[in-house]
Amino acid sequence: MELTEQEIFRRNAAEEIRKLGIDPYPAAQYEVNANAADILANFEREKGDYQDISIAGRIMGRRIMGNASFAEIQDQTGRIQLYIKRDEICPGDDKTIYNTLFKKLLDIGDIIGVKGYVFITNTGTISVHVTSLTLLCKSLRPLPVVKIDSEGKAHDVVSDPELRYRQRYVDLIVNPQVKNVFKQRAQIISSMRNFFNERGYLEVETPILQSIPGGATAKPFITHHNALDIPLYMRIANELYLKRLIVGGFDAVYEFAKDFRNEGMDRTHNPEFTQMEIYVAYKDYEWMMQMTEELLEKIAIDLYGTSIVPCGDHTLDFKRPFQRIGILDAIKEHTGDDVANMDEDELRKVCQKHNIHVEASMGKGKLIDELFSAKCEKHYVQPTFIMDYPVEMSPLTKKHRSKPGLVERFELMVNGKELANAYSELNDPVEQRLRFEEQMKLAARGDDEAMTIDNDFLRALEYGMPPCSGIGIGIDRLAMLMTNNASIQDVLFFPQMRPETF
RNA sequence: GACUCCGUAGCUCAGCUGGUAGAGCAAAAGACUCUUAAUCUUUGGGUCGUGAGUUCGAUCCUCACCGGGGUCACCA
């Protein structure tokens, strides 16, 4: 790879630094006792504190005025200005550290540590008056420089999505608000974990490599285990394993699970994504709706201090309780068609009437799902539970206690997108076997996402699983909602991309 | 997968009804001991995504390919 002019200059500078007897990549730890955000928030001139600080960060800008300079360094918490005076960092006759190292050989992007004291400049900027400077890492690539003018307007913002996603490290350095999105994501997960742990639920880990990919209807990634010489699948869900644990006697288990689905990618789908699934014994989907309301309200309040969350052109309110509507009622409301008692042929006609693409392999459940996705989904902006799905599209769900042909299932729709999926779990092993067999028939018709029968799971159910309710919540989509990002790529550090050629 | 838009210096972008390119920042050299988009002087840096075609001549027109965005399809 040909080096650019600036890369050559920086490599040469690293050599020059070595010639001065300074290691551009020193091994020793650098003790830090302060950070930018804390200093900017808490420094008061009168208090006389922050007078012996040590801080480290990346050089983000320099303004050299002969024998005194200002620079800005950025640490994990933010940026702070440094004031560097030649005769203070070089008190003796040897001015090399200032004249040669700082002025000539350091660049924007280098990581340095400084010691000194905090003061306020004549123009009122809280700054660190540097008394000693240590190079901690020489940067060999020029960093994009984003400047903020006096009106707070950013110039030359790095916005090219390809650069931002492929080189997330650069994005994080130059776009400080990006870091905040990921802090919020971590906070959301932490809120959920606290919520569950306070209730005594057990966090567990279950297999990612599975010989039968179950628990969802989706196309899996296939891999191969050499020693066993068998195909293995990357999990599409962990549902069947968590239910095995309920059989085993845990009353509530949850997992933040990376799932993998070999399907199309767009702004709401990444091939690998995170889903939180939880199963609680002796509960039903009514209970689960209440728990979900409590959980989401808490997440919003932990994050924003209120249940109200900005989201694109809307404002979402996660205040309990959420709206509830049956899926067939939703379809009736938005299409005018009452599909409750229709057979497959009639349903297909209704779909065609609404210009919905149908295929021969689609069964009744799938057709209803299509109808809902195309005509209803987008209308549910505020958190809404869509309830009581047809049995055909829910092979793991218990039949509705009072509504024939339906199951006790809900999906939570927010901002026109599915955020969660939950049900009263089917625990009748004979019924479950029949449902799997129905799925096998769909597979025979050409549905390459239909479930395959999992005999070990059925064996577990035969030992007896207490009635329970489970839910899966899409963590990436939740993060999108809660951080007001329209693209999944903005809430994943490293969204999937075609491999780069170097 | 289909359609569509985009790809020019390290970064952000201009440009040309077709005559092989400009700016700001960044960089290099110099000046400057309170700057803050620091300023001032000087300078370097590009096979205009890749390949082919049309043309006397292509960064610009055509086609293919590569990469990305958007819409749709697929997909909980």
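These legends accompany several close-up views of a predicted model of protein chain A with RNA strand B.

**Figure 1. Chain A as a whole.** Let us start with the full chain before moving in. Chain A contains 15 helices and 20 strands, and its C-alpha trace spans about 90 × 55 × 50 Å along the principal axes. Of its 502 residues, 49% are buried. Among contacts with a separation of 6 or more, 63% link residues that are 24 or more positions apart. The chain exposes about 24900 Å², with carbon and sulfur atoms supplying 50% of that area. As for charge, there are 61 positive and 77 negative ones, and their mean positions are 3 Å apart.

**Figure 2. The surroundings of RNA strand B.** Here we look at the protein around the RNA. RNA strand B is surrounded by 56 residues, of which Thr123, Thr217, Glu263, Arg409 and Asn421 are the closest. Of the RNA atoms that come within 4 Å of the protein, 57% belong to sugar and phosphate.

**Figure 3. Protein backbone atoms beside the RNA.** Which parts of RNA strand B do the backbone atoms of Ile64, Gly66 and Arg498 approach? For Ile64, a polar backbone atom is 2.6 Å from a base nitrogen. For Gly66, a polar backbone atom is 3.1 Å from a base nitrogen. At Arg498, the partner is a phosphate oxygen, which lies 2.9 Å from a backbone N or O atom of this residue.

**Figure 4. Helix H15 and the residues that follow.** This view takes in H15 and the segment just after it. H15 covers residues 475-483 and is mostly covered, with eight of its nine residues buried. Those buried residues are Ile475, Asp476, Leu478, Ala479, Met480, Leu481, Met482 and Thr483. Next in the chain comes Asn484, which has a positive phi near 60°. Asn485 sits in the segment after the helix. The side chain of Asn485 makes a polar contact with the side chain of Thr483 at 3.0 Å, and Thr483 is itself one of the buried residues of H15. Beyond its neighbours within four places in sequence, Asn485 is in contact with Val181, Met480, Asp490 and Val491. Of these partners, Met480 also appears among the buried residues of H15.

**Figure 5. Arg11 on helix H1.** Now to the other end of the numbering. Arg11 belongs to helix H1, which runs over residues 5-19. Is Arg11 buried, partly exposed or exposed? Its relative accessible area is 35%, so Arg11 counts as partly exposed. Setting aside neighbours within four places in sequence, Arg11 is in contact with Leu3 and Leu140. Ser139 is 128 residues away along the chain, yet the C-alpha atoms of Arg11 and Ser139 are separated by 8.7 Å.

**Figure 6. Asn427 in its loop.** Asn427 lies in the loop that links strand S19 (417-424) to helix H13 (429-444). Why does Asn427 count as buried? Asn427 counts as buried because its relative accessible area is 17%, and the cut-off for buried is under 20%. What does its side chain reach at 2.8 Å? The answer is the backbone oxygen of Met465. Leaving out neighbours within four places in sequence, the contacts of Asn427 are with Lys398, Met465, Pro466 and Pro467.

**Figure 7. A cis peptide bond before Pro321.** This view is centred on one peptide bond. Arg320 and Pro321 are joined by a cis peptide bond, with omega at about -15°. Pro321 is in the loop between strand S15 (314-317) and strand S16 (323-326).

**Figure 8. Tyr50 and Tyr282, two tyrosines with positive phi.** The last panels pair two loop residues. Tyr50 has a phi near 55°, a positive value in a residue other than glycine, and Tyr282 has a positive phi of about 70°. Tyr50 is found between helix H2 (36-42) and strand S1 (53-65), while Tyr282 lies between strand S13 (272-281) and helix H9 (285-304). Which of the two is buried, and which is exposed? Tyr50 is buried, because its relative accessible area is 16%. Tyr282 is exposed, because its relative accessibility is 57%.

Notes: Residues are numbered from 1 along each chain as its sequence is written. Chains are lettered from A and ligands numbered from 1 in the order in which they are written. This is a predicted model: local features need pLDDT of at least 70, side-chain atom pairs count only at pLDDT 80 or more; totals for chains, interfaces and linings use all residues. Side-chain values use heavy atoms; hydrogens and water are left out. Helices (H or I, at least four residues) and strands (E, at least two) are DSSP runs, numbered from the N terminus. Buried means under 20% relative accessible area, exposed over 50%, partly exposed in between (1.4 Å probe, protein chains only). Contact means heavy atoms within 4.5 Å. Accessible areas come from the Shrake-Rupley method with a 1.4 Å probe; for residues, only the protein chains shown count as cover. Lys and Arg count as positive and Asp and Glu as negative; His and the chain ends are not counted. The place of a charge is taken as NZ of Lys, CZ of Arg, CG of Asp or CD of Glu. A residue is near a molecule or strand if one of its heavy atoms lies within 4 Å of it. A polar contact is a pair of N or O atoms within 3.5 Å; within protein, one must be able to donate a hydrogen and the other to accept it, and residues adjacent in sequence count only if both atoms are side-chain atoms.
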